[in-house]
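Reader: I'm new to this structure and would love a close look at a single part of it. Could you pick one residue to start from, and then work outwards from there?

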Amino acid sequence: MTTAAPPRIPEAVHRRRWAILGTLVLALLVVVLDNSILNVAMKTIASPAPVGLGASQSDLEWSINSYTLVFAGLLFTAGLLGDRLGRKWSLLGGMVVFGLGSLLSAMANSPGELISYRAVMGLGGAFVMPATLAIIMNVFERHEQPKAIGIWAGAVGLAIAIGPITGGLLIEHFWWGSVFLVNVPIVVLALVAMALLVPNSKDPNPGRLDPVGVLLSIVGLVALIYGIIKGGELADFTAPAAWVPTIGGLLVLAGFVMWEKHTDHPAMNVGWFRNKVFSASVTVIGLVFFALMGVSFFGVFYIQSVRGYSALQAGVLMLPLAVAQLMFAPRARLVVDRFGVRATCAAGMALIAVAFLGYLLLGQTTPIWVLVVLGFLMGAGMAHVMPPVTVAIMGSLPREKAGAGSALNNTFRQVGGSLGVAVLGAVLSTVYRDGVSDSLGQLPPALRDKAGESLEATLAIAGRTGNTALVGQAEDSFIHAMHVVAGLSAGVTAVGVLLAWFLLPGLVAAPQAAQDPSAGPAESAAPTAEPAERIPGQVPGQVPGQAADQAERV
């Protein structure tokens, strides 16, 4: 009779694992919450001094994009450094940089300073995000990891939802910089808790550095994200400023893959992508955030500009999405145990697609409870996609590569979200401009181009000129454009349903047992004993992370 392997987590760490998770969730909240808070403050920051900074539309876009550009471009490298140098130190250093960037952003005296300091925040966030998930994989036993990852994923939804509410309250009672300053005490609290609670872990056998691979990954990702952002900003992906960096980034990333395939000390084992589960999972994550971020982009304008709700009320209307994620994400593992990964993720993606199609019902007088129901459906769908897909990604890789795996997970999410905002934002702008163009003929020639830029610009000029007929036409055109984007988002999500159903496994292995971080090279090289009993969600006879682990040993 074969006995189960002893617990791989030290007892002292095991006892405080949920307190450690709470600390990691706190770090995750402050990083994710930041962008959703900033969205509410945009109008105030655009106001002339002393109320705001007098930021232009382009300034506002780059105050968001500078964070995204640095964050997405450095995620993979930050994950690798965490695996090599220690995830606790990566987490602590990232939080310090993020807190400093937040303090500087709150004190910015010009749009240029704000853009620069937001990039500093992105640098810190890039080290925090992959470290949180990697630490979870190293403080929880295998059977508890799906639950912990479910809570981790639910925290992302909570941050997205409470951001606008928090931002609305701060803007109503304080100056615009308070949306950044609020991060500082949270960061200080998190740093103290991390220093006391979080254990350090790292790859026991990281091998030699791969500076060429790291450089290629940074240059490729930054160029790709920059091109995507620029295309969305110009609403024209055929402009050289958009397609040149996009194509250049793709070529550099192709060079990165070729380099990693032939070097004897790769930063990333490209063999991971030969694992169907891994490839399908990261693609599904990218598709989900492509559609979600595109719809979130127009949702704010629909609620505030068309329906007339305040920023605080708009934030409250996003709560159902967070409530659904908090309710269902930690329990998604139970659904996976009963129905399998394939059915759970495909059904979750289908629910998201239905929610997107529901946006076709929204008009100027639609009862607002319809939007609440759609938000709840979308949150429930995401809660049954993100945790099992994340478990599948982490379970298909060796545990000592948890930082790199977490970084790839988040990189695909960021790239997908950036593509969604850029591509679907460009579609929204184009359809809106076409719809309102006839009515713009009533305006003086000097105002027509400006009025056609966005719904907000049209409404501002209509108010200035007293052209009330233009308001109705602008709202009708925006709702039509919103319906087009919602339909496209539903189509993209439907592709995700097919990928999940045909490429994800019926069951998925729990993540591979980690090796003792304190073990020497000889111990690290030894295969980890597996328990005889079947892990919930594991294919009988399958060793967790087997294919990836064998490739790693080779």
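**Starting from one proline**

Author: Happy to! Let's begin with proline 164, which has a relative accessible area of 8% and so counts as buried, the limit for that word being under 20%. Please keep in mind that you are looking at a predicted model. You will find proline 164 in helix α6, which covers residues 145–173. Follow the chain back to aspartate 34 and you have gone 130 residues, yet the C-alpha atoms of aspartate 34 and proline 164 are separated by 9.6 Å.

How does that fit into the whole chain? The chain has 554 residues, of which 55% count as buried, and it holds 23 helices and zero strands. If you take the contacts with a separation of 6 or more, 83% of them join residues 24 or more positions apart.

For another pair that is far apart in sequence, try a second proline. Proline 50 sits in the loop between α2 (17–46) and α3. Is it buried or exposed? Proline 50 is exposed, because its relative accessibility is 80% and the limit is over 50%. Its C-alpha atom is 9.5 Å from that of tryptophan 175, although 125 residues of sequence lie between the two positions.

Now look at alanine 108, in the loop between α4 and α5 (111–139). This alanine also belongs to a loop, but its relative accessible area is 5%, so alanine 108 is buried. Which residues does alanine 108 touch, once those up to four places away in sequence are set aside? They are Leu53, Glu113, Leu114, Tyr117 and Trp176. Leucine 53 is 55 residues away from alanine 108 along the chain, with 8.6 Å between their C-alpha atoms.

Next comes a residue inside a helix. Serine 66 is part of α3, residues 57–85, and a relative accessible area of 8% means that serine 66 is buried. A polar atom of its side chain lies 3.0 Å from the backbone oxygen of isoleucine 115. Beyond four places in sequence, serine 66 touches that same Ile115 along with Arg118 and Ala119. Threonine 246 can be read in a similar way. It is placed in helix α10, residues 240–262, and counts as buried because its relative accessible area is 17%, still under 20%. Apart from neighbours within four places, threonine 246 is in contact with Ala223, Leu224, Gly227 and Ile228.

From single residues we can move on to pairs of helices. Take α4 (residues 87–106) and α8 (residues 183–197): their axes come within 9 Å and cross at roughly 165°. That angle is over 145 degrees, so α4 is roughly antiparallel to α8. The crossing of α4 past α8 is left-handed. On the α4 side, the residues that meet α8 are Lys88, Leu91, Leu92, Met95, Val96, Phe98, Gly99, Ser102 and Leu103. Their partners in α8 are Asn183, Val184, Val187, Ala190, Leu191, Met194 and Ala195. Sorted by class, this contact has 12 nonpolar, three polar and one charged residues.

Further along is a pair made of α15 (residues 341–358) and α16 (residues 368–383), whose axes come within 7 Å and cross at roughly 160°. These helices are therefore roughly antiparallel to each other as well, and their crossing is left-handed. From α15, Gly348, Leu351, Ile352, Ala355, Phe356 and Gly358 take part; from α16 come Leu374, Leu377, Met378, Ala380, Gly381 and Met382. Of the residues in this contact, nine are nonpolar, three are polar and none is charged.

Helix α15 has another partner to show you. Its axis and that of α14 (residues 332–339) come within 7 Å and cross at roughly 125°. Why is this pair described as oblique? An angle of roughly 125° falls outside the ranges for roughly parallel, antiparallel or perpendicular, so α14 and α15 count as oblique to each other. Val335, Val336 and Phe339 of α14 make the contact with Val341, Ala343 and Thr344 of α15. Here the classes come to five nonpolar, one polar and no charged residues.

Note on methods. Residues are numbered from 1 along each chain as its sequence is written. This is a predicted model: local features need pLDDT of at least 70, side-chain atom pairs count only at pLDDT 80 or more; totals for chains, interfaces and linings use all residues. Side-chain values use heavy atoms; hydrogens and water are left out. Helices (H or I, at least four residues) and strands (E, at least two) are DSSP runs, numbered from the N terminus. Buried means under 20% relative accessible area, exposed over 50%, partly exposed in between (1.4 Å probe, protein chains only). A polar contact is a pair of N or O atoms within 3.5 Å; within protein, one must be able to donate a hydrogen and the other to accept it, and residues adjacent in sequence count only if both atoms are side-chain atoms. Contact means heavy atoms within 4.5 Å. Axes are lines fitted to C-alpha atoms, for helices over the stretch in contact, and angles run from 0 to 180 degrees between N-to-C directions. Angles under 35 degrees count as roughly parallel, over 145 as roughly antiparallel, 65 to 115 as roughly perpendicular and the rest as oblique. A crossing is left-handed if the near helix is turned anticlockwise from the far one by less than a right angle, and right-handed if clockwise. Ala, Val, Leu, Ile, Met, Phe, Trp, Tyr, Cys and Pro count as nonpolar, Asp, Glu, Lys and Arg as charged, and the others, Gly among them, as polar.
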